[in-house]
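Let us walk through this structure one region at a time. Keep the 3D view open as you read.

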Amino acid sequence: MSDFRDLAGRSIIIGGGLAGLMTALELAPEPVVLLSAAPLGAEASSALAQGGLAACIGSDDSPALHIADTLAAGDGLCDEAVVRRIVEAAPAAIDRLRRLGVAFDLMPNGEPSLGLEAAHSRRRIVHAAGAATGSALMRALVAAVRRTPSVTVIEGFEARRLLLEGGAIAGVLAAGMSGAIVLATSRVVLATGGVGGLFHQSTNPLGCFGQGLALAARAGAELADLEFVQFHPTALDSAARPMRLISEAVRGEGAILIDETGRRFLADMPGAELGTRDAVARGVYRHLARGHRVFLDARACLGTNFATRFPAIAGYCHEAGINPAVDPIPVRPAAHYHMGGIAVDAEGRSSVAGLWACGEVASTGLHGANRLASNSLTEAVVMASWVAKSVSSAAIRPVGPALPIEMPNRPDPIVVRNIVSPALGVLRDGDRLRDAASTLWPLASGTDACADPAAVGLMMAISALGRMESRGAHCRADYPTRSAVARRSTLTLDAASKIAAELDLKPLARSA
Ligand SMILES: Cc1cc2nc3c(=O)[nH]c(=O)nc-3n(C[C@H](O)[C@H](O)[C@H](O)COP(=O)(O)OP(=O)(O)OC[C@H]3O[C@@H](n4cnc5c(N)ncnc54)[C@H](O)[C@@H]3O)c2cc1C
């Protein structure tokens with residue numbers, strides 16, 4: 001096991017997506033270590049983003065309107081003070097990205113070209129390279145990190161455990177092809193992204209399966225709103241993984257959802273195909289569950305213009321042997337974004353001393369029960385600057401030499417996917433959630449490769465079980481209505497294990 005003593009004491013940022021890159025850049029010139037399982041820019045949801053970043057910079061827009069749209073999408077569960085603070089900081093975050101070299105798409109007058117997305121009352125989506133915002137963003141920021149001498153990048157190493165001393169962060173244990181490393185530090189920022197990889201059907205890179213949540217939970221951190229997973233209604237139904245996204249913009253152009261008989265089955269739903277993301281996902285899911293196939297039909301509205309208007313999406317379709325000009329596109333819902341995460345305060349501090357979280361892995365309170373499209377990239381950029389300020393002003397605690405601890409197995413979510421996908425999908429019910437929690441609990445307490453993904457799945461199942469209502473993206477067949485009082489949920493791994501232990505005892509007690 002190598003001990004990187006010359007890096008001892010530096011803050012360690014885990015994750016090479018937008019949140020990790022921005023935190024490293026915001027901390028400059030303070031020396032930091034950026035640890036990434038994949039090469040920078042790869043295996044990150046950030047690189048796949050199509051739409052862009054929401055910021056109220058249009059002449060007809062205002063923070064008040066952006067706040068109202070965010071609160072409406074969040075279905076009563078957003079933290080309004082957090083929403084206000086992030087929304088108000090968004091325009092400056094766009095300027096910051098521009099200064100770092102991100103070339104946003106501009107109108108002929110030099111002003112940013114602003115896109116309109118579902119549930120936004122104004123055009124406020126700043127984008128780059130058309131619908132390839134994520135790759136343009138990551139290209140510029142990876143280059144910025146590589147030319148910043150204060151950032152030591154360690155690629156190909158996966159954080160496996162956070163080391164603790166007296167309950168506070170003391171280091172990171174990581175593993176890569178060349179062996180194990182121990183990095184001693186009293187300050188760690190988790191920026192490891194979402195949980196889509198815990199589901200068979202997801203738009204996230206397969207490596208995004210909640211590793212940061214497991215690291216934080218095993219260190220004793222409090223997690224929040226874990227039950228809220230946003231499903232995108234129209235992922236391309238093909239063998240490709242991650243699943244390719246057929247953006248809402250295609251429906252915005254007039255594409256309709258039909259089944260194998262040609263019937264437009266969502267025509268009577270409020271907003272029809274342009275209803276809220278969760279409602280459309282449920283409509284598509286229910287139709288598939290009844291044995292139908294579902295297609296997005298852009299033949300009449302776009303036809304031969306499809307490839308010009310949506311070149312990347314046309315490319316995905318062609319990979320799957322579909323020509324969207326003449327064929328309806330097969331689609332199904334896919335896990336897309338995790339609203340829940342590590343509970344953090346306004347500066348990204350978790351409940352564990354020395355541990356911060358930024359980006360999708362964090363739960364700031366911005367998204368509530370449902371994320372407003374394009375608010376997540378904005379949140380990552382805005383929060384990164386506040387996290388960086390908080391990290392650099394935190395006192396550096398001397399940490400002792402790392403005690404030898406056993407290297408956990410390389411986490412593998414395959415077994416857990418089979419349990420999480422049916423139980424925590426678009427439509428949930430108590431029986432399936434209880435079964436899932438009972439199956440996941442022993443796995444989470446073991447040492448097999450599935451232990452960490454099982455711990456994350458367990459906490460999500462327990463949170464979903466405890467939320468006896470349907471709100472935002474969380475829909476319970478046995479509790480179809482919304483409770484009068486909205487409350488956020490918080491959970492630790494210990495508490496989840498205790499609840500699971502009690503669930504396990506109940507059938508025994510009944511049969512006694
Ligand atoms: C297809 C798609 C389209 C999207 N479009 C938009 C959009 O238009 N606008 C918007 O706002 N949001 C969009 N989102 C959501 C948004 O992209 C993500 O929420 C955001 O990019 C998350 O950034 P992040 O830095 O937190 O995580 P990521 O970008 O996922 O990066 C996580 C990083 O952590 C690394 N990592 C994970 N575990 C470990 C470990 N144990 N050790 C070391 N490294 C680790 C991963 O390799 C990866 O580099 C989209 C998401 C997807 C999947």
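Begin with a sheet. Four strands make up an open sheet, ordered β13-β16-β15-β14, with antiparallel pairing. Its edges are β13 (229–236) and β14 (256–259), and each of these pairs on one side only. Neighbouring strands in this sheet are turned by 50° against each other on average, direction ignored. Bear in mind that the model is a predicted one.

Look next at how β13 meets β16. The two strands run antiparallel and are joined by six bridges. One position to find is Phe231, which stands opposite Ala335 in β16.

Now turn to another sheet. Five strands form this open sheet, in the order β7-β3-β2-β11-β18, and here the pairing is parallel. The edge strands are β7 (151–155) and β18 (355–357), each paired on one side only. From one strand to the next, the twist averages 20°. What holds such strands side by side? Strands of a sheet pair through backbone hydrogen bonds, and the pairing can be parallel or antiparallel.

Follow the sheet out to β18. Strand β11 (residues 188–190) runs parallel to β18, and three bridges join them. Leu190 has Ala357 of β18 as its bridge partner.

The ligand comes next. It is surrounded by 39 residues, and the closest are Ser46, Gly51, Gly52, Glu360 and Ser376. Which elements supply this shell? At least two residues each come from α1 (18–27), β8 (157–165), β16 (329–338) and α10 (375–393). Strand β16 is thus named twice on this tour: it pairs with β13, and it supplies residues to the shell. By class, the shell holds 16 nonpolar, 19 polar and four charged residues.

Backbone atoms lie close to the ligand's nitrogen and oxygen atoms in several places. A backbone N or O atom of Gln50 is 3.5 Å from a ligand nitrogen. A polar backbone atom of Ala159 lies 2.9 Å from a nitrogen atom of the ligand. For Leu377, a polar backbone atom is 2.8 Å from a ligand oxygen. How much of the ligand does the protein cover? On its own the ligand has 1000 Å² of accessible area, and the protein covers 97% of that.

Finish with the salt bridges. The whole structure contains 29 of them. One is formed by Arg124 and Asp61, whose closest N and O atoms are 2.8 Å apart. Arg124 sits in the loop between β5 (114–115) and β6 (125–126), and Asp61 in the loop between β4 (53–54) and α2 (63–73), so this pair ties together parts 63 residues apart in sequence.

Technical notes
Residues numbered from 1 in each chain as written. Predicted model: local features only at pLDDT ≥ 70, side-chain atom pairs only at ≥ 80, totals over all residues. Heavy atoms only, no water. Near = heavy atom within 4 Å. Polar contact = N/O pair within 3.5 Å; in protein donor to acceptor, adjacent residues only side chain to side chain. Areas by Shrake-Rupley, 256 points an atom, 1.4 Å probe, with all protein chains shown as cover. Nonpolar A, V, L, I, M, F, W, Y, C, P; charged D, E, K, R; others polar. Pairing = 2+ DSSP bridges. Axes fitted to C-alpha atoms, helices over the stretch in contact; angles between N-to-C directions. Salt bridge = Lys/Arg side-chain N within 4 Å of Asp/Glu carboxyl O.
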